[in-house]
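Dear colleague,

I am handing over the structure that you will find just below, and after it I have written down what was found, taking one part at a time so that you can follow along.

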Amino acid sequence: MKLIDNWKQAWKLKSVQVGALSAFFYALILFSEQFLNIWNVIPQELKNKVPENIAEWVGIFIGVATVLARLKKQPELHDVNQFVTITAGHSNADPGAVSGKYKEAELVRQFRNAVAHYLAAAGLSYKTDGAGTINLPLTNAIALAKGASIAIEFHMNAAASKQANGIETIALPKDKILAQKLSKAVANVFGSRLRGQDGWIDQSESARGKLGFINAGGLIVELGFISNEDELARFNARYWLAAKAVAKVLIDYEKRN
């Protein structure tokens, strides 16, 4: 094969630039799901070491990959207009409860990403309030909850007593059974006790009062107490297993409805 003259300068040609760009996006479409799966299993400690300027580009890349992965997915479990919403409590601007170096918003974001990984593997259509390190404000989560067949938001409790512990899901009475299943799925993995009525807390009995996400039709899963060192350690060690158990509850629920 004979190359063109000045082939070393071929990158300057518009045809070559357009071809390279097309090849890049084609590869991104083909491997978007694999990239997201790999990103989700990278420990948060390593992600935190990525320089801030590079992290911004990684966030954009992940966002594009997420969109492409959703576009090429062909859900088989239900109608195309149905989807599950999974969101992380608080946001990038609001850390939520804090325990030492751990922030509630970051922990529940990791949990959301892990659940999303298993929903995607099952072919379930879902929407989130961000991908990777992105955690959008509550207004975005509420908007997603209103159009979903199921809407789940993840939080962690905190208390003045470091002994306070347990798993609970806050929901309206109509979602009592689903709330109990979600709480049990998490508690079984973490070895935690169930709070409330077998893991269900009626919003009317919650210390937080009426919550916008629940009024929009969602459920709030409290994944334990960040203020309890033992429960926090079990969360960090086993949250991938708990996320898989939560995803199974959601998948089974969608299959029956």
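A good place to begin is helix 8 (residues 229-256), where F235 and Y239 are 4 residues apart and are therefore separated by about one helical turn. Please keep in mind throughout that this is a predicted model. The ring centres of F235 and Y239 lie 5.6 Å apart with the planes at 15 degrees, and because planes under 30 degrees apart count as stacked, this pair is a stacked one. F235 has a relative accessibility of 0% and so counts as buried, and Y239, at 10%, counts as buried too.

A search of the whole structure finds 6 aromatic pairs, and ring pairs join F235 and Y239 to F111, Y118, F154, F190 and W240 in a cluster. Another ring has a charge as its partner: the charged end of K127 sits over the ring of F83, at 4.3 Å from the ring's centre.

Stepping back to the whole chain, the protein has 8 helices and 8 strands, and 45% of its 257 residues count as buried. If you take the contacts between residues at least 6 apart in sequence, 79% of them join residues that are at least 24 apart. The protein exposes about 13700 Å², of which carbon and sulfur atoms supply 58%.

Helix 5 (residues 138-146) is worth looking at from its two faces. Its buried residues are A141, I142, L144 and A145, and they lie on the same side of helix 5 because they cover an arc of only 165 degrees around the axis. The face turned away from that buried side carries the exposed residues T139, A143 and K146. Among the elements that cover the buried residues of helix 5 are strand 1 (84-88), strand 4 (126-128), strand 5 (150-157) and helix 7 (212-215).

Finally, there are two backbone angles to examine. Most residues other than glycine have a negative phi. H90, however, has a positive phi of about 65 degrees although it is not a glycine, and its place is in the loop between strand 1 and strand 2 (98-99). D198, also a residue other than glycine, has a positive phi near 55 degrees, and it is found in the loop between helix 6 (176-190) and strand 7 (200-202). H90 is partly exposed, with a relative accessible area of 24%, and D198 is partly exposed with a value of 47%.

With best wishes

Definitions and conventions: Residues are numbered from 1 along each chain as its sequence is written. This is a predicted model: local features need pLDDT of at least 70, side-chain atom pairs count only at pLDDT 80 or more; totals for chains, interfaces and linings use all residues. Side-chain values use heavy atoms; hydrogens and water are left out. Rings of Phe, Tyr and Trp (its six-membered ring) pair if their centres lie within 6.5 Å; planes under 30 degrees apart count as stacked, over 60 as edge-to-face and the rest as tilted. Buried means under 20% relative accessible area, exposed over 50%, partly exposed in between (1.4 Å probe, protein chains only). A charge sits over a ring if NZ of Lys or CZ of Arg is within 6 Å of the ring centre and within 35 degrees of the ring normal. Contact means heavy atoms within 4.5 Å. Accessible areas come from the Shrake-Rupley method with a 1.4 Å probe; for residues, only the protein chains shown count as cover. The arc is that of the directions from the helix axis to the C-beta atoms.
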